Amino acid sequence: MSNIINLLIFKTKYMNINIMGSWSSVSTCGFQGTRRGTSFAAQTATANAIRAVVIQGMQRAKVMIKGPGLGRDAALRAIHRSGILLNFVRDVTPMPHNGCRPLKKDVCRNQN
């Protein structure tokens, strides 16, 4: 699952195969503007993607969550409610080790 501050794209794929079972985003569920960043929008998008995969017969899942925001917990709750058993949950959010290098200080040549 990929979760960005104002956008949630939920992807499912089979184990060891790059074929996607289903996907859903907050925009395809009809949320626009500031409503896209809510936890309810994340929950709805996750439920839409999971519904298609459950019909295909998925019973267990490994969940990898990426990014900040309120949608992380709501997406996990939606997966749990769907009846899919979770093998493990991992946070794969990229963390900066020291950030970007700061800009040079301005040097004023005409100091009194």
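**Exercise 1. Look at the residue after helix α2. Which glycine follows α2, and what is the sign of its phi?**

Step 1. Keep in mind that you are looking at a predicted model. Find helix α2, which covers residues 71-81.

Step 2. Move on past the helix to G83, which follows α2 and has a positive phi, near 100 degrees.

Step 3. Now try the other helix. Just after α1, G57 also has a positive phi, of about 110 degrees.

**Exercise 2. Work out which residues of α2 are buried and where they lie around the axis.**

Step 1. List the buried residues of α2: G71, A74, A75, A78 and I79.

Step 2. Check their directions around the axis. These residues cover an arc of only 140 degrees, which puts them on the same side of α2.

Step 3. Turn to the other side of α2, where H80 and R81 are exposed.

**Exercise 3. Do the same for α1, starting with its length. How many residues does α1 have, and what distance does it reach?**

Step 1. Helix α1 runs over residues 39-56, which gives 18 residues. From the first C-alpha to the last, α1 reaches 26 Å, close to the 26 Å expected at 1.5 Å a residue.

Step 2. Collect the buried residues of α1: A41, A42, A45, T46, A49, I50 and V53.

Step 3. Look down the axis. The buried residues of α1 fall within an arc of 155 degrees, so they line one face of the helix.

Step 4. On the other side of α1 you will find F40 and I55, which are exposed.

**Exercise 4. Is A45 buried or exposed, and how far is A45 from A78?**

Step 1. Locate A45 in helix α1. Its relative accessible area is 0%, so A45 is buried.

Step 2. Locate A78, one of the buried residues of α2.

Step 3. Compare sequence and space: A45 and A78 are 33 residues apart in sequence, and their C-alpha atoms are 9.3 Å apart.

**Exercise 5. Find the aromatic pair and classify it. What are the distance and the angle between the rings of F31 and F40?**

Step 1. Recall what is needed: a pair of aromatic rings is described by the distance of the centres and the angle of the planes.

Step 2. Apply the cut-offs: centres must lie within 6.5 Å, and planes over 60 degrees apart count as edge-to-face. By this rule the count comes to one aromatic pair. The ring centres of F31 and F40 are 5.9 Å apart and the planes are at 80 degrees, so this pair is edge-to-face.

Step 3. Add the surroundings. F31 is buried, with a relative accessible area of 15%, whereas F40 counts as exposed at 52%.

**Exercise 6. Place these pieces in the whole chain. How many helices and strands are there, and in what order do they run?**

Step 1. Count the elements: the protein has two helices and five strands. From the N terminus on, they run β-β-β-α-β-α-β.

Step 2. Consider burial and contacts. Of the 112 residues, 26% count as buried. Among contacts between residues at least 6 apart in sequence, 62% join residues at least 24 apart.

**Exercise 7. Decide where to read the model with care. Which element has the lowest mean pLDDT, and which the highest?**

Step 1. Start with the average: the protein has a pLDDT of 77, and 78% of the residues score at least 70.

Step 2. Compare the elements. Strand β1 (residues 2-4) has the lowest mean pLDDT, 45, and strand β5 (residues 85-91) the highest, 87.

Step 3. Look at residues 1-7, where the pLDDT is below 50. Beyond near neighbours in sequence, this stretch has 25 contacts in the model. Where pLDDT is low, the predicted coordinates should not be read in detail.

Technical notes:
Residues numbered from 1 in each chain as written. Predicted model: local features only at pLDDT ≥ 70, side-chain atom pairs only at ≥ 80, totals over all residues. Heavy atoms only, no water. Phe/Tyr/Trp six-rings, centres within 6.5 Å; stacked < 30°, edge-to-face > 60°. Buried < 20%, exposed > 50% of the residue type's maximum accessible area, 1.4 Å probe, protein only. pLDDT = per-residue confidence, 0-100. Helix = DSSP H or I, 4+ residues; strand = E, 2+ residues; numbered from the N terminus. Contact = heavy atoms within 4.5 Å. Expected span 1.5 Å × (residues − 1). Arc of directions from axis to C-beta.
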